[in-house]
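User: I'm new to reading structures and would like a close look at one small part, then a tour outward from there. Could you walk me through it in plain words?

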Amino acid sequence: MSGSLVFSQFMGGLTTAMFLFLIASGLSLVFGVMRVINFAHGSFYMLGAYLAWQAVQWVQPSGGGFWLAAIFAAVAVGLLGAVVERFLFRYLYGRDELYQLLFTYALVLILGDAAKFLWGVGQLSVSAPPLLSGSVQILGTTQPLYSLFIVVIGPAIAFFGWYALNHTGVGRMVRAAQMDREMLDALGANVGTIYTGMFVFSAFLAGLSGALVTPIESIVPGMDVLIIVQAFIVVVIGGMGSFWGTFWGSVIYGEVLSFGILIFPGFSLFSVFVLMAVILIVRPWGLFGKPL
Amino acid sequence: MTTELRTGEAVAPAGGIVRSPAAAVPLRTPLVRRIPWTLLVFIVMATVPWLGSRYDTFLAAQIVIDALFAVSLNLLLGTTGLVSFGHVAYFGVGAYVCGILMKTYGVPFVIAFPAAGLGAALFALVSGYFCVRLIKLYFAMLTLAFSQIVWAICYKWNSVTGGDQGVPEIPYPHLHWMLSLPGCGDLSIGDRFYLLALVLVAVSLAVVHRIVRSPFGRVLTTVRDNPERAAFLGINVRAYQLASFVVAGGFAGLAGALYGIFSRGVFADYVFWSKSAEVIIMAILGGMEFFWGPPVGAAALVWLNQAITDYTQYWPFVLGTILLILLFVFPGGIVGGLVAGFRLIQRVGRRRLSPRHA
Amino acid sequence: MLEVQELRKSFAGFVAVGGVSLTVETGQIAAVIGPNGAGKSTLFNLITGHLQPDSGAVRLDGRDITGAAPHRIVRMGVGRSFQRTNIFPKLTVFENIQAAFLVHHGRGLNFWARSEALYRTETAALLYSIGLDGQENTIAGTLSYGNQKQLELGLALASDPRVLLLDEPTAGMSATETHETIRLLERIAGERSLTLLFTEHDMEVVFSIAQKIAVLHQGRIIADGTPEAVRNDAEVRRVYLGHREEQRA
């Protein structure tokens with residue numbers, strides 16, 4: 001195995017990882033605060049991708065306006081999250097978690113078909129913004145600029161999230177909500193608003209990552225179901241509800257997948273699911289989470 | 001305290017005090033209860049190959065197999081209170097074991113079928129051993145992980161499972177003897193397999209029903225209602241959860257074995273996690289608090305799917321909408337709704353009859 | 001005889017139970033009292049295996065049961081009721097008690113018998129003795145609070161314990177309910193010659209039935225003896241009874 005091959009696999013794994021981190025961080029936040037596994041998170045991601053494509057068509061059929069489109073998609077998906085939380089999901093708080101799981105699954109079914117209805121079943125794609133469409137040579141490998149951009153934006157968002165959770169008033173309330181809802185009530189904080197805020201922010205992140213994925217992956221029906229399982233794995237590895245855990249979980253997942261393919265072609269899928277099961281068995285709260 | 005305490009008195013005379021549950025139902029209503037519904041449904045289902053079209057038999061076979069699958073899941077969901085998001089793994093193991101034994105090794109159905117159940121139960125024992133150590137959402141996630149491991153194996157292990165090609169063209173069991181039965185001379189092999197599946201499912205459901213009503217089943221309901229208290233009755237909660245998991249896995253395996261033959265092949269798609277969600281929807285749609293809820297849900301779902309796909313390709317959209325309505329309006333499912341409606345009619349009727357309320 | 005020896009438990013540095021020793025003789029009715037947060041519930045949870053002690057021992061008739069799983073401790077003859085009512089809410093009253101009998105008689109792994117026919121007379125007799133006859137088919141979760149407490153006592157009794165631990169048996173009850181519950185407890189303890197250990201905040205209840213009282217304060221026993229001795233103990237008056245008077249004032 002040559003050094004440049006290792007480096008190129010490493011970079012590939014890192015790109016995957018940072019994408020997954022963008023997606024999974026929202027999933028993990030919602031789990032940490034609301035104790036809900038949101039299957040629809042993958043659907044929000046998919047809608048982000050389709051909406052970004054749609055916005056690009058509107059703004060400039062020639063293929064510009066990428067950043068505008070990405071922000072539009074993220075905001076629109078965030079709004080959708082607000083509607084879902086305010087008008088539906090909130091009525092299931094306090095019910096059995098089975099009902100909450102099934103609610104989010106119902107959204108997967110509905111949003112998946114809605115996307116097929118609106119955008120058809122063909123593959124769609126968006127070209128990378130001109131600024132990032134080239135590539136550079138690093139250690140004898142060719143790295144697309146866009147991948148490098150993703151590798152930078154992932155940790156940036158992680159740092160931003162960590163800072164917001166630890167150094168702002170809202171962040172403190174969110175952390176209090178993670179630990180004890182009743183305590184938060186006693187503090188006089190409005191739990192309902194925090195829940196809505198978390199859900200919307202998580203949907204926003206999903207929409208943003210969906211938009212950002214469009215230059216390197218084609219937009220197809222079914223991308224929602226594929227991504228959500230991967231995001232679950234990442235969150236489980238790092239620890240459900242733990243922000244940095246999700247970050248490192250993404251890195252581990254990305255690299256295991258990337259090098260797994262190299263060493264045992266075909267069996268990498270198997271290895272990540274085994275990794276997920278082993279972690280749930282040995283440390284259900286994940287590598288970086290805390291026991292409940 | 002509404003009941004006065006009999007502090008001084010001795011222990012009550014044995015018997016005589018407890019009314020049987022049946023006696024609690026008002027005398028006027030039992031007509032509905034006296035009809036042997038299960039026998040009636042079985043007979044109606046058995047006439048489908050003669051009275052219905054080939055397509056009807058196809059749907060009926062699907063309903064029957066799904067009913068067993070959903071009932072096996074409900075042993076976990078409704079009886080034990082375990083939310084498994086990977087139940088399809090055991091269905092899949094059963095389908096592959098039976099399919100591979102019959103196709104690759106030419107093993108007869110009489111052996112391959114029970115082997116499928118045993119294989120699935122064995123896998124449930126191994127995976128369940130780890131799953132029941134976790135609670136709630138973590139349990140759900142680990143069952144999901146195991147089912148995806150099974151999926152990955154089925155999808156990639158070409159030499160045994162056929163990989164993405166699956167195991168096609170599984171032979172039908174030898175059912176030639178049925179043709180010599182009176183009135184059965186014209187039955188196609190599909191019809192005959194349907195009748196076999198119907199009988200096997202009926203027997204399986206009878207066994208599960210018996211298990212649910214057994215002392216073991218009663219203990220499972222205490223584990224569902226309040227595991228902490230159950231432990232303090234002297235119940236080893238995890239052991240019972242595991243036992244339930246194994247039984248449920250075994251019956252799911254039997255359903256999978258039938259399904260593989262019915263659909264003429266076993267494919268990795270059968271084991272994808274979203275199938276686990278579908279079977280949960282069946283159980284909830286019918287009503288997971290009732291033994292006959294999941295079969296009703298299976299029938300409703302298969303029929304709806306068939307009726308709707310004639311009009312639109314957007315079946316998942318319809319399914320999602322049904323699920324939303326269920327969650328928000330009818331959490332008790334179809335059977336739960338019927339029972340509630342029936343009780344309402346009963347109450348209104350009684351009020352009319354009773355002069356005090358007139 | 002129930003013996004607790006130098007039992008210790010702390011949570012993240014906070015000492016909940018700090019070296020408690022206590023003996024309850026066979027057939028004795030004993031109470032553990034103390035202000036909120038004194039460690040009463042933790043002590044109970046340590047005895048019944050819901051929590052693992054950091055050190056110390058629990059012995060039942062000389063047999064070491066320290067740290068055994070709850071379901072094993074029940075089988076050794078320790079019954080318990082909980083501070084928050086703890087029943088099987090979706091089952092009927094009859095099914096609640098019957099399940100306890102099934103388990104106690106080791107029938108839980110019977111997959112084939114028809115459970116509804118089993119232990120009907122035993123269940124009926126027990127329901128009668130705890131005053132819940134006539135409610136057999138009521139869904140337990142819909143019972144009144146007092147009735148649920150009675151049912152919980154029934155669950156504990158069905159496993160035929162030698163030692164019964166009751167965590168606040170009259171919490172949340174009206175004066176009449178409390179009075180009836182005490183009479184019920186006294187009668188049942190007498191009939192079955194139970195060893196009874198209970199916690200209670202109602203001093204009237206404690207002094208009316210306890211033969212022995214231990215006072216817990218900040219995780220330690222500060223007094224232990226007959227009701228008379230405890231009532232006159234200066235330390236107890238200072239930290240506990242005095243505390244109550246302050247509250248009243």
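Does A:L22 count as buried or exposed?

Analyst: Before anything else, keep in mind that this is a predicted model. Now to your residue. A:L22 counts as buried, with 24 C-beta neighbours inside 10 Å. The cut-off for that label is 20 or more, so a count of 24 qualifies.

Where does A:L22 sit? Look for helix α1 of chain A, which covers residues 3-34, and you'll find A:L22 in it. Setting aside the residues within four places in sequence, A:L22 is in contact with A:G154, A:I157, A:L205, A:L208, A:S209 and A:L212. For a sense of distance, try A:V170: that residue is 148 places from A:L22 along the chain, and the two C-alpha atoms are separated by 20 Å.

Next, have a look at helix α8 of chain A, residues 191-213. At 1.5 Å a residue, the 23 residues of this helix should span 33 Å, and the end C-alpha atoms are indeed 33 Å apart, so the two values agree. Of those 23 residues, 17 are buried, so α8(A) is largely enclosed by the rest of the structure. Here's a handy bit of background for looking at any helix: an α-helix has 3.6 residues a turn, so residues three or four places apart point the same way.

Let's zoom out to the nonpolar core. The largest one has 287 residues, and those with the most contacts inside it are A:A52, A:A73, A:V77, A:M276 and B:I65. Helix α12 of chain B, residues 237-262, supplies the largest share of this core, 16 residues. Chain C takes part as well: its domain 1 and its domain 2 each give the core at least three residues. If you'd like one core residue to click on, pick B:I65. Not counting residues up to four places away in sequence, B:I65 touches B:A197, B:V201, B:A255, B:L258, B:Y259 and B:F262.

Now for how the chains meet. Two pairs of chains are in contact, and chains B and C share the most contacts. Chain A and chain C don't touch, and their nearest C-alpha atoms are 13 Å apart.

Take chains A and B to begin with. Here 32 residues of chain B are in contact with 32 residues of chain A. On the chain B side, α7 (136-156), α13 (274-286) and α15 (315-328) each supply at least two residues. The largest share of that side, 13 residues, comes from α7(B). Sort the side of chain B that touches chain A by class and you get 26 nonpolar, four polar and two charged residues.

On to chains B and C, where 36 residues of chain B are in contact with 54 residues of chain C. The elements of chain B that give two or more residues to this side are α9 (189-212), α10 (215-225) and α11 (227-231). Among these, α10(B) gives the most, with eight residues. By class, the side of chain B that touches chain C divides into 17 nonpolar, 11 polar and eight charged residues.

Finally, chain C itself. Its secondary structure comes to nine helices and 10 strands. The radius of gyration of chain C is 18 Å, close to the 18 Å that the globule rule gives for 249 residues, so chain C is as compact as a globular protein of that length. Along the principal axes, its C-alpha atoms fill a box of roughly 60 × 40 × 35 Å. Buried residues make up 47% of chain C.

The domain assignment splits chain C into domain 1 (1-77 + 163-185 + 194-249) and domain 2 (86-160). Their centres are separated by 27 Å. Seven residues from domain 1 and seven from domain 2 make the contact between them. On the domain 1 side, those residues are five nonpolar, one polar and one charged.

Two residues of chain C deserve a quick glance for their backbone angles. C:E6 has a positive phi of about 50° although it is not a glycine. You'll find C:E6 in strand β1, residues 2-11, and with 12 C-beta neighbours inside 10 Å it counts as exposed. C:D160 has a positive phi too, near 50°, and isn't a glycine either. C:D160 lies in the loop between α5 (145-158) and β7 (163-167), and is partly exposed, with 14 other C-beta atoms within 10 Å.

Notes: Residues are numbered from 1 along each chain as its sequence is written. Chains are lettered from A and ligands numbered from 1 in the order in which they are written. This is a predicted model: local features need pLDDT of at least 70, side-chain atom pairs count only at pLDDT 80 or more; totals for chains, interfaces and linings use all residues. Domain bounds come from an automatic or database domain assignment. Ala, Val, Leu, Ile, Met, Phe, Trp, Tyr, Cys and Pro count as nonpolar, Asp, Glu, Lys and Arg as charged, and the others, Gly among them, as polar. Helices (H or I, at least four residues) and strands (E, at least two) are DSSP runs, numbered from the N terminus. The radius of gyration is taken over C-alpha atoms; the globule rule is 2.2 Å times the number of residues to the power 0.38. A nonpolar core is a set of buried Ala, Val, Leu, Ile, Met, Phe, Trp, Tyr and Cys residues joined through C-beta atoms within 7 Å. The expected span of a helix is 1.5 Å times one less than its number of residues.
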